[in-house]
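Open the model in your viewer and keep the selection box ready. This tour goes from the whole chain to single residues.

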Amino acid sequence: MIKKILVSQPKPASDKSPYYELEKDYGVECVFRPFFKVEGLTAKEFRQQKINLLDYTAVVFTSRHAVDNYFKLAKEMRITIPEDMKYFCVIETIALYIQKYVQYRKRKVFFGETGKIDGLLAQMSRHKTEKYLVPLSCVHNDDIKNALDEKNLKHTECVMYRTVSNDFTEEEIKSFDYDMMIFFSPTGVKALKKNFPDFKQGDIAVAAFGPATAKTVEDENLRLDLEAPSKKFPSMTGALKDYLERNNE
């Protein structure tokens, strides 16, 4: 029986989050507690990469962290981003998030459907003359670089932020009494093992979002009880609802 769920993400900004619906419908308690936090590079650290933001005509955003840190660095370095800068986002939610910083105009904001770079490539190829800047975390692979190389697009990757472990307090460790934990990144799974080196899973259900997270759960010798997204459940909350229906009868 699942009663208390640890969601390794920041607390939702909106009261209308589907997690709150699940709490109401299934009598569960969701505790939002990120296992790691994101820190932006300082302007001084960023300058060491010898990248000038104004050398690029388009930016590729793979996460909200990339959006936040791109505009934060521009402000710190007193750079005014041109009105005609184009933004390519791997998914619509990131495209909408840009409104926090710039006026949203269809002709300069593009987004994919898959949440991955492959869903953006067709649109980027239609803008072959652009010079693309790709802000990333300090932990990344070459998937994006290789995909853009394959399409012969002009691009540069740069590091704008890093993830650091958000360690648990002694109090939190003592009161660790969850029936289920939900992870959204490999970093989160590794942080669990860092904070709880003697962690024994027992009856605790583990859910993972994304194939890389699921693989890390298994690599860390944990039992994977729920994986999303799937064709049937594209969101974690959809998959979780189905899981609670099956397990909390």
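Helices and strands here are DSSP runs, with at least four residues for a helix and at least two for a strand, numbered from the N terminus. The model is a predicted one.

**Stop 1: the annotated span.** Select residues 24-237. An unreviewed UniProt entry annotates this stretch as "domain: Tetrapyrrole biosynthesis uroporphyrinogen III synthase". The span is 31% helix and 24% strand, and its end C-alpha atoms lie 13 Å apart.

**Stop 2: the whole chain.** Zoom out. There are 10 helices and 11 strands in the chain. The radius of gyration is 20 Å, close to the 18 Å that the globule rule gives for 249 residues, so the chain is as compact as a globular protein of that length. The C-alpha trace spans about 55 × 35 × 35 Å along its principal axes. Buried residues make up 45% of the 249. Among contacts with a separation of 6 or more, 67% are between residues 24 or more positions apart.

**Stop 3: the open sheet.** Show the strands as arrows. Which order do the 5 strands of the open sheet follow? The order is β2-β1-β9-β10-β11, with parallel pairing. The edges are β2 (29-32) and β11 (226-228); each has a single partner strand, so one side of each lacks a neighbour in the sheet. From one strand to the next, the twist averages 20°.

**Stop 4: inside the sheet.** Select β1, residues 4-7. Its two faces are covered: Lys4 and Leu6 are buried on one side, Ile5 and Val7 on the other. β1 pairs with β2 in the parallel sense over 4 bridges. Look for valine 7, which stands opposite phenylalanine 32 in β2.

Now move to β9 (residues 180-183). It runs parallel to β10 (residues 205-209), and 4 bridges join the two. Methionine 181 faces valine 206 in β10.

**Stop 5: two helices on the sheet.** Select residues 211-219, helix α9. Helix α9 packs on the sheet and touches β9, β10 and β11. Its direction makes about 145° with that of β10. Next, select residues 236-247, helix α10. Helix α10 lies across β1, β9, β10 and β11, and runs at about 150° to β11.

**Stop 6: backbone oddities.** Most residues other than glycine have a negative phi, and most peptide bonds are trans. Three places depart from that pattern here.

- Alanine 228 and proline 229 are joined by a cis peptide bond, with omega about -5°. Proline 229 sits in the loop between β11 and α10.
- Arginine 78 has a positive phi, near 55°. It is in the loop between α3 (64-76) and β5 (86-89), and is exposed at 77% relative accessibility.
- Asparagine 152 also has a positive phi, about 55°. Find it in the loop between α6 (143-150) and β8 (154-165); it is exposed, at 62% relative accessible area.

**Stop 7: the cysteines.** How many disulfides does the structure hold? It holds 0. A disulfide needs two cysteine sulfur atoms within 2.5 Å. Select cysteine 89: the closest cysteine sulfur, in cysteine 158, is 15 Å from its own, too far for a bond. Cysteine 89 is buried, with a relative accessible area of 0%. Then select cysteine 138. Its sulfur is 12 Å from the closest cysteine sulfur, again in cysteine 158, so no bond forms at that distance. Cysteine 138 is partly exposed, at 40% relative accessible area.

Notes: Residues numbered from 1 in each chain as written. Predicted model: local features only at pLDDT ≥ 70, side-chain atom pairs only at ≥ 80, totals over all residues. Heavy atoms only, no water. Buried < 20%, exposed > 50% of the residue type's maximum accessible area, 1.4 Å probe, protein only. Pairing = 2+ DSSP bridges. Axes fitted to C-alpha atoms, helices over the stretch in contact; angles between N-to-C directions. Contact = heavy atoms within 4.5 Å. UniProt positions renumbered as here; feature names shortened; annotations may be inferred. Rg over C-alpha atoms; globule rule 2.2 N^0.38 Å.
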